[in-house]
Amino acid sequence: MIRVVLPFHLRNLARVDGEVQIEVAAPVTVRAVLAALEEKFPVLRGTIRDHDTLKRRPFVRFFACKEDLSLEPPETRLPDEVVSGAEPFLIVGAMAGG
Amino acid sequence: MSKIRVLVGTKKGAFILTADGLRKDWKISGPHFAGWEIYHVKGSAADPNRLYASQTSGWFGQIIQRSDDGGKTWNTPGSSAEELKGPEGFPKGESNKFVYAGEAGTHKWYDGTQHPWEFKRVWHIEPSLTDPDTAYAGVEDAAIFKTTDGGKTWKELPGLRHAKGNLWQPGAGGMAVHTILLDPKNAQRIYVAISAGGCFRTDDGGKTWKPITRGLKSPYELPDPDAEVGHCVHRIALHPSRPDVLFMQKHWDVLRTDNAGELWNEVSGNLPTDFGFPIDVHAHEPETIFVVPIKSDSEHYPPEGKLRVYRSKTGGNDWEPLTKGLPQKNCYVNVLRDAMAVDSLDKCGIYFGTTGGQVYCSANGGNSWNAIIRDLPAVYSVEVQTLR
């Protein structure tokens with residue numbers, strides 16, 4: 001199971017508390033995790049990446065194992081610690097004021 | 001006894017204010033969708049318990065929320081567990097999918113070049129007058145979308161952007177369809193207003209649209225002050241008994257048309273300034289209209305720090321200031337275009353919200369005002385439902 005940490009507003013939107021756990025078939029990539037997440041929580045479609053282009057929204061970041069994966073290609077494989085469930089995949093709202 | 005429900009969209013959530021017909025003791029519910037920008041909340045005339053809300057965020061984009069119980073509970077249409085058990089092919093989580101029809105095309109950009117259309121958010125939702133599952137959405141970048149399944153899916157009516165959309169351009173606040181008026185006597189006729197595109201009308205249910213801007217003059221905003229498109233129309237309003245008569249608050253100028261927009265005439269008259277955002281019509285007096293003059297496009301606050309609603313009982317030109325109960329010194333708030341509404345009780349109620357977080361109500365046609373609530377986030381929109 002892949003552990004995913006959602007930002008506050010997306011947790012509220014998906015109506016979940018804390019981490020969510022999703023099954024992702026190998027290879028476990030950023031794209032595969034997002035697809036599985038959206039399949040389980042359709043309300044999140046369009047909030048993390050664009051509906052059609054699947055491009056990451058500008059103020060959403062992806063972290064794992066203290067690395068920023070936001071700018072990596074979506075087919076990037078996630079670290080073994082994330083695949084094993086030892087570490088979560090973090091979806092983060094970028095810092096901004098307002 | 002009748003009840004009033006005021007739907008308030010703010011920079012950090014939605015609030016629902018309810019009172020009986022006396023409009024003195026108010027109950028406050030909210031914030032709903034706390035922390036999100038709520039551009040607009042509006043109820044269906046066909047089913048007052050059906051509400052639509054536009055929830056938006058610079059981080060996470062657009063969400064459409066729907067309530068079927070007058071705002072007690074909310075759901076993103078097409079995404080609830082019950083709906084996902086529906087037949088195969090049922091739309092899943094597409095209530096926030098706004099995709100322009102066909103080639104998105106381009107519009108005028110700040111530097112004069114052409115810029116691709118990019119969806120940003122829904123500014124205004126206008127439910128059908130007869131079907132709770134049908135509604136229109138005015139969006140930024142400017143276009144109009146329609147749902148016929150209660151907000152689960154949205155399709156663009158692309159004919160609007162064919163009305164010289166390549167010549168529309170964003171103002172400082174963006175380029176959006178912010179006003180949608182449905183003609184209660186002609187289901188095929190819809191009016192929209194766009195900043196900064198102008199004013200448009202369809203007579204065939206949204207297939208084709210034409211600019212209705214003859215008489216508008218914008219000498220400080222456009223190189224051709226009489227241009228057919230490009231005017232920064234801030235708001236239009238009509239009285240349901242006379243849908244061919246429209247009132248307009250333009251960037252500068254207050255205007256009216258008596259022939260469905262074929263020709264506009266300025267009726268700013270004795271206003272202290274004819275810059276402003278909202279305009280609305282009394283529920284029972286089609287010639288009584290309300291505006292909130294703002295000092296200028298450079299200084300978005302009331303002249304002299306005095307918050308004054310101006311009322312004309314003659315359809316414009318002759319205006320009187322309404323000040324009782326409103327701050328008359330050191331007031332520097334703004335009132336945004338979608339932040340004024342009226343109820344339809346015998347003594348018509350007028351409501352408006354400010355960027356300072358106050359929502360004011362007059363239960364006597366504007367003669368005196370009370371703040372229902374004072375310390376909300378900046379108010380983006382105010383709508384009122386009269387529940388009988």
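**Exercises on a predicted two-chain model**

In this predicted model, B:Leu7 stands opposite B:Ile16 of strand S2(B).

**Exercise 1. Determine which strands of chain B are joined where B:Leu7 faces B:Ile16, and in which direction they run.**

Solution. Step 1: locate the two residues. Strand S1 of chain B covers residues 3-10, and strand S2 of chain B covers residues 13-20. Step 2: examine the pairing. The two strands run antiparallel and are joined by 8 bridges. Step 3: place the pair in its sheet. Strands S1 and S2 belong to an open sheet of 4 strands in chain B, with the order S3-S2-S1-S29 and antiparallel pairing. Step 4: identify the edges. Strand S3 (27-32) and strand S29 (379-387) of chain B are the edge strands, as each pairs on one side only. Step 5: consider the relative orientation. With direction ignored, neighbouring strands of this sheet are turned by 15° against each other on average.

**Exercise 2. Establish whether strand S21 of chain B is mostly covered or uncovered, and name its partner strand.**

Solution. Step 1: count the buried residues. Strand S21 spans residues 275-281 of chain B, and 7 of its 7 residues are buried, so the strand is mostly covered; the criterion for a buried residue is 20 or more other C-beta atoms within 10 Å of its own. Step 2: find the partner. S21(B) is joined by 5 bridges to strand S22 of chain B (residues 289-294), and the two run antiparallel. Step 3: name one bridge. B:Val281 has B:Ile289 in S22(B) as its bridge partner.

**Exercise 3. Decide whether the radius of gyration of chain A agrees with that of a compact globule.**

Solution. Step 1: list the elements. Chain A holds 3 helices and 5 strands, in the order β-α-β-α-β-β-α-β from the N terminus on. Step 2: compare the radius with the expectation. Because a compact globule of 98 residues would have a radius of gyration near 13 Å, the 12 Å of chain A agrees with it. Step 3: add the dimensions. Along the principal axes, the C-alpha atoms of chain A fill a box of roughly 35 × 25 × 25 Å. Step 4: consider burial and contacts. Of the 98 residues in chain A, 30% are buried. Among contacts in chain A with a separation of 6 or more, 55% are between residues 24 or more positions apart.

**Exercise 4. State how many residues each chain brings to the contact between chains A and B, and characterise the side of chain B.**

Solution. Step 1: count the residues. Chain B contributes 16 residues and chain A contributes 16 residues. Step 2: sort the side of chain B that touches chain A. Its residues comprise 6 nonpolar, 8 polar and 2 charged.

Conventions: Residues numbered from 1 in each chain as written. Chains lettered and ligands numbered in written order. Predicted model: local features only at pLDDT ≥ 70, side-chain atom pairs only at ≥ 80, totals over all residues. Pairing = 2+ DSSP bridges. Axes fitted to C-alpha atoms, helices over the stretch in contact; angles between N-to-C directions. Contact = placed C-beta atoms within 7 Å. Nonpolar A, V, L, I, M, F, W, Y, C, P; charged D, E, K, R; others polar. Rg over C-alpha atoms; globule rule 2.2 N^0.38 Å. Buried ≥ 20, exposed ≤ 12 C-beta atoms within 10 Å, placed from the backbone.
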